[in-house]
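Got the viewer open? Here is a short tour that tells you what to select, one stop at a time.

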Amino acid sequence: MSAPSAEPAVEITLVKAGRTKIRYPAELVADDGVRLTVRAPWAAEGVRDFGFVRFEPGDVFTEHYWRDRWYAVKEVRSGDGTLKGWYCDVTRPAAVDGTAVVVEDLDLDLWVSADGGEVLRLDEDEFAASGLAASDPEAAERASLALDELEGLGRDGIVRLLSRA
């Protein structure tokens, strides 16, 4: 009898401007054919302090990717399980091929604090500077609409519902 495989259930690849930004293994939590939910520890090196939240070793992300929506929602918890909030990325719909999940980051982001009291639109300057509006106006429009939708969901507290598997 062989030991269970230690291989990850899926590998997440985040692409930005045609280049791989980060790649990491994740545990598959659920996949209904439209929404894929995975769980992974903080995958970047060291601590990333945004001012409104710190991502650090030990943090656990439960990430929701849709094949038909232009965003991903990531529930962030500290190592002791305390909810920090939700980090939402505006992306093209996730491309899932077997155990490979590829998501293209479109620069726009949204942060929703754990208590829902803080909803912050992020990186609109990066999005404007990206040139997407000129190179792919339809994608730029979809990205802007996705950020508006996420902000509405965040303000209504619906992000909590979206982030549950």
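Start by selecting phenylalanine 50: at 24% relative accessibility, it counts as partly exposed, since that label covers values between buried (under 20% relative accessible area) and exposed (over 50%), worked out with a 1.4 Å probe on protein chains only. Keep in mind that this is a predicted model, where local features need pLDDT of at least 70, side-chain atom pairs count only at pLDDT 80 or more, and totals for chains, interfaces and linings use all residues. Residues are numbered from 1 along each chain as its sequence is written, and side-chain values use heavy atoms, with hydrogens and water left out.

Now add tyrosine 87. Its ring and that of phenylalanine 50 form a tilted aromatic pair, 5.9 Å centre to centre with 35 degrees between the planes. (Rings of Phe, Tyr and Trp, the last by its six-membered ring, pair if their centres lie within 6.5 Å; planes under 30 degrees apart are stacked, over 60 edge-to-face, and the rest tilted.) This pair links distant parts of the chain, 37 residues apart: phenylalanine 50 sits in the loop between strand 4 (48-49) and strand 5 (54-55), and tyrosine 87 in strand 8 (residues 83-91). Strands here are DSSP runs of E with at least two residues, helices are runs of H or I with at least four, and both are numbered from the N terminus. Tyrosine 87 is buried, at 10% relative accessible area.

Want to see the wider group? Select Trp42, Phe50, Phe52, Phe55, Phe61, Tyr87 and Trp111, which ring pairs link into a cluster.

Next, pick histidine 64, in strand 6 (residues 60-66). Is histidine 64 buried or exposed? Its relative accessible area is 0%, so histidine 64 is buried. Show threonine 37 too: the two side chains make a polar contact at 2.9 Å. (That means a pair of N or O atoms within 3.5 Å; within protein, one must be able to donate a hydrogen and the other to accept it, and residues adjacent in sequence count only if both atoms are side-chain atoms.)

Last stop: the largest nonpolar core, with 21 residues, where Tyr71, Val73, Val90, Leu110 and Leu150 touch the most other members. Such a core is a set of buried Ala, Val, Leu, Ile, Met, Phe, Trp, Tyr and Cys residues joined through side-chain atoms within 4.5 Å. Helix 3 gives the largest share of this core, seven residues.
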